Every structure is written in C-alpha cells, then in structure tokens.
Amino acid sequence: MSEPPPRPPFDGQAALRKVRAAEDAWNTRDPERVALAYTADSVWRNRDRFLVGREQIVDFLREKWSRELDYALRKELWTYSDNKIAVRFQYECRDRSGQWWRSYGNEMWEFAADGLMSRREASINDVPIEPAQRRIFGARGADESEEVLPLR
C-alpha cells in the first residue's frame, strides 16, 4: 500500500515529496491522472490561460500534450511554507515540425487541508533548442541527482 500524499503543514521533506510526485505525474502525460492532484474547483493561471476546475485542467492538458510532443519535465523545490510550495522547472518537447523547445518556468502552489492543490500559478518562457542541446530525456531516473537546474 502506498504512503498517503503529504498534507499541510509541510516540512522540507514533505514539500520535496510533493514536488517529486508532481514531476512524476506530469511526466506520464496522462491528463486524468494529473488532474486528480487538484481540488475539484482548483484555480490555475498557466501563462495567459485561466482555468477553474478539473474538467478545464484535463482539457488544457490534453491540448497541451497534443502539441508538445515527447514532453519531459524536471521540477525543483524552491521554497515552502505551511500550505504553499514554490518550484522552478524546465521541460523539453518538440512541435509537429520537429523543432525542439526548452521551457523555463516558476510555479506557486497552494494546498487545501486534504493535500490537494487548490491554486496553481505558472509563468513560463520558451527557448528553441537544437536536438544536440537536449538534456531531459524522459522521466527522472532513479540514479538522477537532485541537482539545481542549470540556467542554460
């Protein structure tokens, strides 16, 4: 039986477990699975998009992953407090033309008492990269370190 997800108030270990669980879920590219981590009425800002509720989250993620092919993500804990976590992240994907992209971002998360995320705000910038510049090749391996993400 798996361990229940951490609930607020968070300590450093619980916050890191939340970040890793989010990374693992997003790397599945399964919108329904990802949406289960959010409250039924979760509020999102993702770039210039504003979403409310799991149905909109699932629709958004389906659309996202139909455009962002071979998506692979790394998240890093930045800081945390009682019921809030801030992360920075990078992901790589390619578009239908074959152009590879690295996206850099920051997220602010707020959690309900049951441990589900009630608010997510994400700011993201995209940079075109050459295939030889890729450094994220799928879900995090067991031997992959928790190093700070490089800026470039």
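In which helix do Arg 62 and Asp 59 both lie, and how many residues apart are they? The views below come from a predicted model.

**View 1. A salt bridge within helix H3 joins Arg 62 and Asp 59.** Both residues sit in H3, which covers residues 54–67. They are three residues apart, about one turn of the helix. Their side chains meet at 3.8 Å, N to O. Neither end is buried, because buried means under 20% relative accessible area. Arg 62 is partly exposed at 45%. Asp 59 is partly exposed too, at 42%.

**View 2. Lys 75 and Glu 107 form a salt bridge between strands S3 and S5.** The closest N and O atoms are 2.5 Å apart. Lys 75 belongs to S3 (residues 69–80) and Glu 107 to S5 (residues 100–111), so the pair ties together parts 32 residues apart in sequence. Lys 75 has a relative accessibility of 3% and counts as buried. Glu 107 is buried as well, at 2%.

**View 3. Glu 92 and Arg 102 meet in a salt bridge.** The N to O distance is 2.9 Å. This pair links distant parts of the chain, with Glu 92 in strand S4 (residues 84–94) and Arg 102 in strand S5. The two residues are 10 apart. Both are buried.

**View 4. Arg 20, Glu 23 and Arg 140 share a network of salt bridges.** The network links these three residues. The count of salt bridges in the model comes to 16.

**View 5. The largest pocket has a volume of about 510 Å³.** It is lined by 22 residues. Closest to its centre are Pro 5, Lys 18, Ala 21, Ala 22 and Ala 37. Helix H1 (12–28), helix H2 (31–35) and strand S5 each give two or more residues to the lining. The largest share, seven residues, comes from H1. By class, the lining holds 15 nonpolar, one polar and six charged residues.

**View 6. The second largest pocket holds about 240 Å³ of space.** Its lining has 15 residues. Arg 74, Glu 144, Glu 147, Leu 149 and Pro 150 are the closest to its centre. Strand S3 gives the largest share of this lining, three residues. The classes here are four nonpolar, two polar and nine charged residues.

Note on methods: Residues numbered from 1 in each chain as written. Predicted model: local features only at pLDDT ≥ 70, side-chain atom pairs only at ≥ 80, totals over all residues. Heavy atoms only, no water. Salt bridge = Lys/Arg side-chain N within 4 Å of Asp/Glu carboxyl O. Helix = DSSP H or I, 4+ residues; strand = E, 2+ residues; numbered from the N terminus. Buried < 20%, exposed > 50% of the residue type's maximum accessible area, 1.4 Å probe, protein only. 1 Å grid on protein atoms, 1.4 Å probe; cavity = no way out; pocket = protein on both sides within 12 Å on 5 of 7 lines; lining within 4 Å. Points joined across faces, edges and corners; volume = space filled by probe spheres on them. Nonpolar A, V, L, I, M, F, W, Y, C, P; charged D, E, K, R; others polar.
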